Amino acid sequence: MPAEPAAAAAPGLSAKDLLEAAGDLRRGRCRPESARNAPLRRRAALDRAAQSFAAGVPLGDALQQQDFVATQSAGLRVGGVRDAAELRRLVEREFCDRLASAALTEVGAWSDGARAWLVLSTPALPAASGGHNRSGLVSGADPPGPEQGRAQVLELVNAARAVPRRCG
């Protein structure tokens, strides 16, 4: 299944345009500190989830249909723009906070030529065999050992601390 329909190659809004705008903004245009974030990695499963999201499936269900489990995700819909410059201005105005998030590192996109959808997520973790998650585990996998668990906690804390916050 292609990431976007053939009609999107004609003048209009393409998934590629939206991905390029998102990548540019993430590289520091939204916030200077976001330039240190990892670049967005495109995933075919998220392209398919974006297509389902475009068809009206709730984002969580669209991710689950792809056996894509994430601790954080965001879905964006863009439409009513005439060209790539207008698309960039709209995405910058409406979606900078999401794009600057260090935790959201994976991306997928879909376009029907007039509108485009972007799905952002944390790294995917495989679902348990049979596609069912066990309660208490995000990925459905066996719990990590103590050393791996400590490393994961440290990684998550550092990712959270990398994002500016107002506390108190």
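1. Helices here are DSSP runs of H or I with at least four residues, and strands are E runs of at least two, both numbered from the N terminus. On that footing the chain, which is a predicted model, has five helices and four strands. Read from the N terminus on, these elements follow one another as α-β-α-α-β-α-β-β-α.

2. Some totals for the chain set the scene. Of its 168 residues, 36% are buried, and the exposed surface comes to about 9700 Å², with carbon and sulfur atoms supplying 52% of that area. When contacts are restricted to residues at least 6 apart in sequence, 62% of them join residues at least 24 apart.

3. The four strands form an open sheet whose order is 1-3-4-2, with mixed pairing. Strand 1 and strand 2 stand at its edges with a single partner strand each, and therefore one side of each has no neighbour in the sheet. As a general point, strands of a sheet pair through backbone hydrogen bonds, in either the parallel or the antiparallel sense. Strand 1 (residues 41–42) pairs with strand 3 in the parallel sense over two bridges, and within that pairing Arg41 has Glu106 of strand 3 as its bridge partner. Strand 3 and strand 4, by contrast, run antiparallel and are joined by six bridges, with Val107 standing opposite Leu120 of strand 4.

4. How is strand 3 placed with respect to the rest of the structure? Six of the six residues of this strand (residues 106–111) are buried, so strand 3 is largely enclosed by the rest of the structure. In a regular strand the side chains alternate between the two faces of the sheet. Both faces of strand 3 are in fact covered, since Glu106, Gly108 and Trp110 are buried on one side, while Val107, Ala109 and Ser111 are buried on the other. In the hairpin that strand 3 makes with strand 4, three residues lie between the strands, and Gly113 takes a positive phi near 100°.

5. Helix 4 (residues 84–99) deserves a closer look, as its 16 residues place the end C-alpha atoms only 17 Å apart, whereas a straight helix at 1.5 Å a residue would reach 22 Å. A kink of about 55°, centred on Arg93, is found in this helix. At the N-terminal end of helix 4, Asp83 acts as a cap, with one of its side-chain oxygens 3.2 Å from the backbone nitrogen of Ala85.

6. Which residues of helix 4 are buried? They are Glu86, Leu87, Leu90, Val91, Phe95, Cys96 and Leu99. An α-helix has 3.6 residues a turn, so residues three or four places apart point the same way. The buried residues of helix 4 pack against three elements, namely helix 1 (15–29), strand 2 (73–79) and strand 4 (115–121).

7. Glu86, which belongs to helix 4, merits separate mention among the buried positions. Buried means under 20% relative accessible area, and Glu86 is counted as buried because its relative accessibility is 17%. A polar atom of the Glu86 side chain lies 2.8 Å from the backbone nitrogen of Arg82. If neighbours within four places in sequence are left aside, Glu86 is in contact with Gly80 and Val81.

8. Two residues in other helices may be set side by side. Ser52 sits in helix 2 (residues 44–54) and is buried, with a relative accessible area of 15%; not counting residues up to four places away in sequence, Ser52 touches Val57, Ala62 and Gln65. Leu156 has its place in helix 5 (residues 146–161), and at 59% relative accessibility Leu156 counts as exposed. The C-alpha atom of Leu156 is separated by 8.3 Å from that of Ala103, although the two residues are 53 residues apart along the chain.

9. A last point concerns Arg31, in the loop between helix 1 and strand 1. Which residues does Arg31 touch, not counting residues up to four places away in sequence? The residues touched are Asp97, Ala100, Val163 and Pro164. The C-alpha atoms of Arg31 and Ser101 are separated by 10.0 Å, with the two residues 70 residues apart along the chain.

Conventions:
Residues numbered from 1 in each chain as written. Predicted model: local features only at pLDDT ≥ 70, side-chain atom pairs only at ≥ 80, totals over all residues. Heavy atoms only, no water. Buried < 20%, exposed > 50% of the residue type's maximum accessible area, 1.4 Å probe, protein only. Expected span 1.5 Å × (residues − 1). Bend = angle between axes of the 7 residues up to and from the residue. Contact = heavy atoms within 4.5 Å. Polar contact = N/O pair within 3.5 Å; in protein donor to acceptor, adjacent residues only side chain to side chain. Pairing = 2+ DSSP bridges. Areas by Shrake-Rupley, 256 points an atom, 1.4 Å probe, with all protein chains shown as cover.
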